[in-house]
Amino acid sequence: MRFLRSFRPAGRLPRVLGAAVVVGVCVGLLVAAFEQVVVEVMLERLFELPLWQQALAPLIGLSAAALLLAGLGGRGTTPATSDEYIRAFHERSPRMPLRQLPAKLLAGAATIGSGGALGMEGPSIFAGASVSYNLQRLLQRFLRREETRMLLTAGAAAGVAAIFRAPATGVIFALEAPYRDDVTRRALLPSLVASAVSFLVFAVVLGDTSPVFPGLAGDIRTLAIVDLLGGALVGVTAGLGGRGFAALVRRAKALPRRAGPVPRILAAGGLLCGLAFATDALYGAPLSLGPGVRSAEWVLEVPRSVWLIVALFGLRLVATLATIAAGGTGGMFIPLAVQGVLMGSVVGILVGQPETGLYPTLGLAAFLGAGYRAPIAAVMFVAESSQGSSFVVPALVAAAVAQLVAGRSSVSSHQVAERLGHLEQRFTLPITSVLRTDVMTVPSDATISELMTLHVLGRREREVAVVDGHRYAGMCGLDQIGDLPRSEWESTAVSEMAATDLPAAQPSWTLRDAVAAMDRADVEMLAVVTADGTFVGLVLEDDILKLDEILDETGG
């Protein structure tokens, strides 16, 4: 019996896994519907229209996306999708209202289906994270708040698994995405379950398990040393390219905060219109439109001129940045992968191997890994897309070198470096989590005798905050009046003895800031004041220690 009991899942894991199954089913259905609308209903019809209509479509789509986000999503709804998952993952009390889900899915369909140069995985990831968050809220009686992160990761994994028909990639990407140099290991099992269920539901509904980049499949070859050297070379170029790409994307994301929506959408729509005509003149098709899979297929069909590929790389880059700057809703996974395919193709031509699919594949892994700081997910995507194990080892080399060259850059705005330890997590809490606002203060014109009688002797307080009206004037207690003769207590005002050189905290500080300030000043309490000097309350060293015990006991 003891042997059989050893197979039983421990603790609350069965509840989380059950929720992961529900998430997988819901996300698989949502992503299947989303892909059908975007690909079959919108993109396929878009590419059959006359060129001038294709060129004008992004302007219409970006305008519709802005209206959908403002109308359905409510105030404060942004175009962010994958970034919203990462932001919610790191916030202690995230908010993902359910009304934002249809708004962002429809805005994503309007953006991508009209030719915006972003990927469908962004809305899919948001769908997974939103379903997970709201499921936890619905079942909060059975699922604890700290299990929200596990479900958010599982939801993101389910979204990627379905839209890319790559369940292993979905799991690893969701685990890697929140951090630049770490993974979310506790969410592994729920992510595996949600990813597998979502992929199966998607496959049953649509009957489609084909890879996103079919041109990478079937090029099976024997691994050679030169392939490893080629992988290193691709890693260097992709690392530099990914670093620059990430910097440009972050600037494009910041543009909506500095310019109004109408001029941004008009400017971006006009630019995308011009790019459509330019790519049609160069390549016989408006390859600047859409997520970019057609561009990858174009470069993989037959050997191409280096300059044509380089030009397409630049045109696709501008198209993606314009779509982001206009407030388009979509993801960066596919745009990064396409840029990697193009860059890898150029390297393959330069080293004399233009006919093999190896170098485009290595470029995909390296550029995607460098741009998103997700090298393992990028290599796994190669393994699931190319169906050739001989590509995996060079792809690992390329991804590793690209990570070193890319530094700490990332297209995501909310990634953090690594998971924090037990105490470090506590230090990131706001100072308001231990703030005492119901403390007694002493007026600045009170005498030392009143201070000693009412506070030091009466309430056993070693130090008291001195206030002049509502303004903080310092701290006064035994340390300040220890050398004052007893005979002068009645005639000496508290303001004369108050210590005004002690540090004062602001309400926006974290516990790390407070502990550092108390350590430097060698004090056990800290006054908290606003920017205009109004006294708010006190933070005590003992309360910080008690908070750690309370959080441990409650699982907070």
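Guide: One term comes up again and again. Buried means under 20% relative accessible area, exposed means over 50%, and partly exposed lies in between. Keep in mind that this is a predicted model.

Visitor: How many of the seven residues of strand β3 are buried?
Guide: Strand β3 covers residues 471–477. The rest of the structure largely encloses this strand, because most of its residues fall under the cut-off: the number buried is five.

Visitor: How many bridges join strand β2 to β3?
Guide: Strand β2 spans residues 463–468. It runs antiparallel to β3. One pair of facing residues is E463 and G477. The bridges joining β2 to β3 number six.

Visitor: Which residue in the turn of the β2 and β3 hairpin has a positive phi?
Guide: The two strands form a hairpin, with two residues between them. In that turn, a phi of about 75° belongs to G469.

Visitor: What is the residue in the loop between α19 and β2 that has a positive phi although it is not a glycine?
Guide: The loop begins after α19, which covers 448–457, and leads to β2. The residue there is exposed, because its relative accessible area is 72%. Its phi is about 60°, and its name is R460.

Visitor: Is E461 buried or exposed?
Guide: E461 forms a salt bridge with R459, and their closest N and O atoms are 3.4 Å apart. R459 is partly exposed, at 43% relative accessible area. E461 has 19% relative accessibility, so it counts as buried.

Visitor: Which strands stand at the edges of the open sheet?
Guide: Three strands form this sheet, in the order β4-β5-β6, and the pairing is mixed. An edge strand has a single partner strand, so one side of it is left without a neighbour in the sheet. That holds for 504–505 and for 535–540, which are β4 and β6.

Visitor: Which residue of β5 stands opposite A505?
Guide: Two bridges join β4 to β5, which covers residues 525–529. These two strands run parallel. Opposite A505 stands V528.

Visitor: Where does D522 lie?
Guide: D522 is not a glycine, yet its phi is positive, near 55°. It counts as exposed, because its relative accessibility is 70%. Its place is the loop between α22 (511–521) and β5.

Visitor: Which residues gather with D522 in a patch on the surface?
Guide: The patch is one of negative charge. One member, D542, sits in helix α23, residues 541–554. D542 is partly exposed, because its relative accessible area is 48%. The residues gathered with D522 are D519, E524, E541 and D542.

Visitor: How many salt bridges does a search of the whole structure find?
Guide: One of them joins R165 and E35. Another joins E84 and R87. The search of the whole structure gives a total of five.

Visitor: How many residues apart in sequence are the parts that R165 and E35 tie together?
Guide: The closest N and O atoms of this salt bridge are 2.7 Å apart. R165 lies in the loop between α7 (148–164) and α8 (167–176), whereas E35 lies in helix α2, residues 13–46. So the pair ties together parts whose separation in sequence is 130 residues.

Visitor: Are R165 and E35 buried or exposed?
Guide: The cut-off for buried is under 20%. R165 has a relative accessible area of 14%, and E35 has 7%. So both R165 and E35 count as buried.

Visitor: What separates E84 and R87 along helix α4?
Guide: These residues form a salt bridge, with the closest N and O atoms 3.0 Å apart. E84 is buried at 9% relative accessibility, and R87 is buried at 15%. Both belong to helix α4, residues 82–90. They are three residues apart, so the separation is about one helical turn.

Visitor: How far apart in space are E297 and F213, C-alpha to C-alpha?
Guide: E297 lies in helix α12, residues 293–301. It is partly exposed, because its relative accessible area is 34%. In sequence, E297 and F213 are 84 residues apart. In space, their C-alpha to C-alpha distance is 7.3 Å.

Definitions and conventions:
Residues are numbered from 1 along each chain as its sequence is written. This is a predicted model: local features need pLDDT of at least 70, side-chain atom pairs count only at pLDDT 80 or more; totals for chains, interfaces and linings use all residues. Side-chain values use heavy atoms; hydrogens and water are left out. Patches are made of residues with over 30% relative accessible area and no salt bridge: like charges are joined within 9 Å, nonpolar side chains (Val, Leu, Ile, Met, Phe, Trp, Tyr) within 5 Å. Accessible areas come from the Shrake-Rupley method with a 1.4 Å probe; for residues, only the protein chains shown count as cover. A salt bridge is a side-chain nitrogen of Lys or Arg within 4 Å of a carboxyl oxygen of Asp or Glu. Lys and Arg count as positive and Asp and Glu as negative; His and the chain ends are not counted. The place of a charge is taken as NZ of Lys, CZ of Arg, CG of Asp or CD of Glu. Helices (H or I, at least four residues) and strands (E, at least two) are DSSP runs, numbered from the N terminus. Buried means under 20% relative accessible area, exposed over 50%, partly exposed in between (1.4 Å probe, protein chains only). Two strands pair if DSSP finds at least two bridges between them.
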